[in-house]
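Colleague: I am new to reading protein models, and I would like to go through one with you, feature by feature. Could you show me the structure before we begin?

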Amino acid sequence: MNPNTKIKFGTDGWRDTYQENFNEKNIKLCIIGLIKHILNQSMESKPVVVGYDSRYKSKEFAEIVVSTLNEHNIQTFSFDSFAPTPACSIAVKHYQASYGVMITASHNSKEWNGIKIKYKNGGSAPEKDIEKIEKNIYSGINIQKSYDISSNLDTKFDVHSLYIKKIFENFDIDSVNGRLKIVVDYMHGSGSNLVKKILENTSHEVIEIRESFDPEFPNMVQPEPIEKNLMPLIDSVKENNADIGIAFDGDADRLGIIDEKGNYISTLNVFSILSDHMLQYEKNSTSIVCNITMSSMIEKIGEKYNCEIIRTPVGFKNIAPIIEKKKSILGGEESGGYAFRNHIPERDGILSALYFLQSMIKNNKTPGNLLDRLHKEFGYKIYHRIDKEIHPEVYEDIKKNITSLRPEYIGKFKVLSINTLDGIKFFIDDDSWVAIRMSGTEPLLRIYIETIDFGNIKQISESIMKYIEIK
């Protein structure tokens, strides 16, 4: 194997740029690593589900995955169209597959693509499995092909129909019937047209924007449903006098919300609204699982309903196993990915949107009203995230610098306590916190801030930048 080849799985799969490493040769190497792992586990292997998103060449890359698996006598069930990543997770469970392979780079910019590997329960493959797959890629051990050209080992299936069917099995669609005007922004991603299909028998008016397939993701840095990327949705909500704006990332496992006045609601506030809503109506509220960068409001909501709150490092692969083990009602991460009990232990942006609509309808409130009620009961919070590109040469040095930080003050705020579960998180005066960590999927330093006043954000961020010597 070429020593320059780098196939490394991060917090959510292996991602790389077309220019660097994401190509046919390395995709085959990656899948050979999976095949070795499957064959090492059992002589009689179960099938593998293969899916893909709407990115450049994702369909062709998925075909490479299918043919590589089939060549080694492994049966596959493959998408007949691009679809959201949660559709792959659903199909893995439905077909009782051993694994799922999803070609996607999620919210990354157009230059990227990637592979997410799903486990038999529909969640991300466990870390121990990923480690073995990575080791297999670099082992240099060949495996014997056993391909019978006359056999037909691939079955294409109607992925959209299966996805919608499974949502209807676990979500009461009548609970969201009403007369709302809803603008949906698909950001040219793989969730296109699905909300309209799901809500077609309700009385809602659904207006779709950026629903067309376009792997260039025009007029945005990357298809991530955060405020700076959602100006077309904000404008459309205002122009149409809509009740809500909904957005999904490139593979539709993340959700973004715009309120009735065109204001962006942060992902932390969306999760808090969903948590309060779910616990209000759920009798068996065992626990909620979220990562360290989720709002501190969650603990207050948990206290209200006597619900355990469990914190994990960033990455849904850390949340999913706990959801399953604890039968948690809800799981969520700061980036806008939320999972629900009785569905799959994985993020689903479209199901998240349905639960948000349910909250509006059951409470007879607008998104803005829901947010106001949340702040009135649990306290006003502002959230801000800074993403700063880091050159690979200094990446490890900065990573070490972060974990060794022990300041007494950040700006004018006294450091009250420190958490090192992932990167480093400082709890500071004014019921505020700031977390710093390196992204596991992109060459980025991320700084997360939750505070009670906009004026605090600049002071906190500048102080942090000074401590880690970034200008």
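**Reading the model, from cavities to loops**

Modeller: Let us begin inside, with the second largest cavity, whose volume is about 100 Å³. Please keep in mind throughout that this is a predicted model.

Colleague: Which residues lie nearest the centre of the second largest cavity, and how many residues line it?

Modeller: Its lining consists of 13 residues, and those nearest the centre are Asp12, Gly13, Ser124, Ala125 and Ile130. At least two lining residues come from each of β1, β6 and α4, and β6 gives the most, with three residues. Sorted by class, the lining of this second largest cavity has four nonpolar, four polar and five charged residues.

Colleague: How many cavities of 30 Å³ or more does a search of the whole structure find, and what is the volume of the largest cavity?

Modeller: The search finds four cavities of that kind, and the largest cavity has a volume of about 220 Å³. Around the largest cavity stand 21 lining residues, with Thr11, Arg254, Val314, Ser335 and Thr441 nearest its centre. Its lining divides into three nonpolar, eight polar and ten charged residues.

Colleague: How should I read a pocket, as opposed to a cavity?

Modeller: The probe cannot get out of a cavity, whereas a pocket is an open set of points. In this model the largest pocket holds about 1200 Å³ of space, and of the 38 residues that line it, Lys8, Tyr395, Ser439, Gly440 and Glu442 lie nearest the centre. Two or more lining residues come from each of β1, β2 (13–17), α4, α10 (316–326), α13 (392–403) and β21 (432–438). The largest share, six residues, belongs to α13. By class, this lining comprises twelve nonpolar, eleven polar and 15 charged residues.

Colleague: Which element gives the largest share of the lining of the second largest pocket?

Modeller: That element is β17, with seven residues. The second largest pocket contains about 990 Å³ of space, and its lining is made of 32 residues, of which Ile226, Glu227, Lys228, Arg385 and Asp387 are the closest to its centre. Among the elements that supply at least two lining residues are β12 (264–265), α8 (267–281) and α14 (454–467). Here the classes come to 14 nonpolar, nine polar and nine charged residues.

Colleague: How do I read a sheet, and in what order do the strands of the open sheet stand?

Modeller: As a general idea, the strands of a sheet pair through backbone hydrogen bonds, and they do so either parallel or antiparallel. In this structure seven strands form an open sheet with mixed pairing, in the order β1-β2-β6-β5-β3-β4-β7. Strands β1 (9–10) and β7 (154–157) stand at the edges with a single partner strand each, so one side of each is left without a neighbour in the sheet. For one pair within the sheet, take β3 (residues 48–52) and β5 (residues 99–103), which run in the parallel sense and are joined over five bridges. Along that pair, Val48 stands opposite Tyr99 in β5.

Colleague: Which helices should I look at beside these strands?

Modeller: Helix α4 (residues 127–139) packs on the sheet, where it touches β1, β5 and β6, and its direction makes about 125 degrees with that of β6. Helix α2 (residues 58–71) lies across β3, β4 (76–79), β5, β6 (112–119) and β7, and it runs at about 165 degrees to β3.

Colleague: Is strand β8 largely enclosed or left open by the rest of the structure, and why?

Modeller: Four of the five residues of β8 (residues 181–185) are buried, so this strand is largely enclosed by the rest of the structure. It pairs in the parallel sense with β9 (residues 205–209) over five bridges, where Val183 stands opposite Ile207. Strand β8 also pairs in the parallel sense with β10 (residues 244–248), over four bridges, and there Ile182 has Ile244 as its bridge partner.

Colleague: How should I read a positive phi?

Modeller: Most residues other than glycine have a negative phi. In this model, Asn193 has a positive phi, near 75 degrees, and its place is in the loop between β8 and α6 (194–198). Asn364 also has a positive phi, near 55 degrees, and lies in the loop between α11 (349–363) and α12.

Colleague: Is Asn364 buried or exposed?

Modeller: Asn364 counts as exposed because its relative accessibility is 69%, and the cut-off for that class is over 50%. Asn193, with a relative accessible area of 32%, is partly exposed.

Key. Residues numbered from 1 in each chain as written. Predicted model: local features only at pLDDT ≥ 70, side-chain atom pairs only at ≥ 80, totals over all residues. Heavy atoms only, no water. Pairing = 2+ DSSP bridges. Contact = heavy atoms within 4.5 Å. Axes fitted to C-alpha atoms, helices over the stretch in contact; angles between N-to-C directions. Buried < 20%, exposed > 50% of the residue type's maximum accessible area, 1.4 Å probe, protein only. 1 Å grid on protein atoms, 1.4 Å probe; cavity = no way out; pocket = protein on both sides within 12 Å on 5 of 7 lines; lining within 4 Å. Points joined across faces, edges and corners; volume = space filled by probe spheres on them. Nonpolar A, V, L, I, M, F, W, Y, C, P; charged D, E, K, R; others polar.
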